[in-house]
Amino acid sequence: MYGVTIAELIKKMNLKNMTPEIDPEKTVLTHPDVNRPALQLAGFFDHFDNERVQIIGYVEHAYISQMDPEVKKGRYDQLLASKVPCIVYSRGIVPDEDMLDRCFHYGVPCLVSEKTTSDLMAEVIRWLKVKLAPTISIHGVLVDVFGEGVLIMGESGIGKSEAALELIKRGHRLVSDDVVEIRKVSDETLVGGAPDITRHLIELRGIGIIDVKALFGVESVKDSQQIDMVIKLEEWDKDKEYDRLGMEDQYTEFLGNKVVCHNIPIRPGRNLAVIVESASVNYRQKKMGYNAAQELYRRVQENLAKN
């Protein structure tokens, strides 16, 4: 699991750092959820999620305001001594001097956001879930074809990069060539991207490295894309039975998530770009409720019934 520094959180969420003397680069977040420490401020620290971002909103601030000063200092000590990664005040609420003193003492960054508490929590959780999502790297090519994320896989040298280049010339967008980093951002969604070192580059055997962004423009590349479909390229085997109707979808699995998968046999003269485009459009049709294979089956059944 990747870690996210408090400095990255400050930059992404446009937070004001009330404790600039504390280095936000040294604190790393490893949990994507947040916590509102209302119960902790009331003195209940059992089952406290101290590894999460702690957000203090209007309700917590109102409760703090009516606390006895000595009790408040004690609660602050308990809260911050538990090694929370940071304290974030929402709605532009300014933390009191006691909080700032305790944050400085325990080395906990104290931050302020202008967002409402609900909006801040939703944004932080959404961003952290993507940044801290389980990640794997696989060998393949990821392209955006008609808005669908198509992951092209196959043995080295089978023609993945050439197919991607043809798709780019036809107006589609490259996400990653050779190495695809896949993140599981939810139980339903996988997002693919490129490592920084190979972003926007394609390797073509006999030619070398091609900078897609420089050659075809910024509209030909994309930094990340949800993976909707996998196409596995394989050498044609005349003795193997291939699915010719597509009545039932086949799936492959990454990080526990299933993705629709097609095995495409390769023979000289087959236009891979057209095949990938057709597979993408057919997938979109299925999502919209139309299945050509089922339509053919219906017509056959109607014809048999007439006869």
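User: Two strands count as paired if DSSP finds at least two bridges between them; with that in mind, which residue in β17 stands opposite G154?
Analyst: This is a predicted model, and in it strand β10, residues 148-154, pairs with strand β17, residues 229-235, in the parallel sense over 5 bridges. G154 has its place across from a residue of β17, and that residue is L233.

User: In what order do the 6 strands of the open sheet stand?
Analyst: In general, the strands of a sheet pair through backbone hydrogen bonds, and they can do so either parallel or antiparallel. In this open sheet of 6 strands the pairing is mixed. β11 (173-176) and β18 (250-254) each have a single partner strand and stand at the edges, so one side of each is left without a neighbour in the sheet. Read from one edge to the other, the order is β11-β9-β10-β17-β19-β18.

User: Which strands does helix α9 touch where it packs on the sheet?
Analyst: Helix α7 (residues 160-169) lies across β9 (141-145), β10, β11 and β17, and runs at about 25° to β9. Helix α9, made of residues 272-287, also packs on the sheet, and its direction makes about 135° with that of β10. The strands that α9 touches are β9, β10, β17 and β19.

User: Does K160 count as buried or exposed?
Analyst: K160 lies in helix α7, and an unreviewed UniProt entry lists K160 under "active site" together with H139, D178 and R244. Leaving aside residues up to four places away in sequence, K160 touches several others, among them H139, G154 and L233. Because its relative accessibility is 7%, and the cut-off for a buried residue is under 20%, K160 counts as buried.

User: What is the radius of gyration of the protein chain, set against the 19 Å that the globule rule gives for 307 residues?
Analyst: The protein chain holds 10 helices and 19 strands. Its radius of gyration is well over the value from the globule rule, so the chain is more spread out than a compact globule. Along its principal axes, the C-alpha trace spans about 90 × 55 × 30 Å. The radius of gyration asked for is 26 Å.

User: How far apart are the end C-alpha atoms of residues 4-128?
Analyst: The unreviewed UniProt entry places the feature "domain: HPr(Ser) kinase/phosphorylase N-terminal" at residues 4-128. Over this stretch the chain is 44% helix and 14% strand, and the distance between its end C-alpha atoms is 8 Å.

Technical notes: Residues numbered from 1 in each chain as written. Predicted model: local features only at pLDDT ≥ 70, side-chain atom pairs only at ≥ 80, totals over all residues. Heavy atoms only, no water. UniProt positions renumbered as here; feature names shortened; annotations may be inferred. Helix = DSSP H or I, 4+ residues; strand = E, 2+ residues; numbered from the N terminus. Pairing = 2+ DSSP bridges. Contact = heavy atoms within 4.5 Å. Axes fitted to C-alpha atoms, helices over the stretch in contact; angles between N-to-C directions. Rg over C-alpha atoms; globule rule 2.2 N^0.38 Å. Buried < 20%, exposed > 50% of the residue type's maximum accessible area, 1.4 Å probe, protein only.
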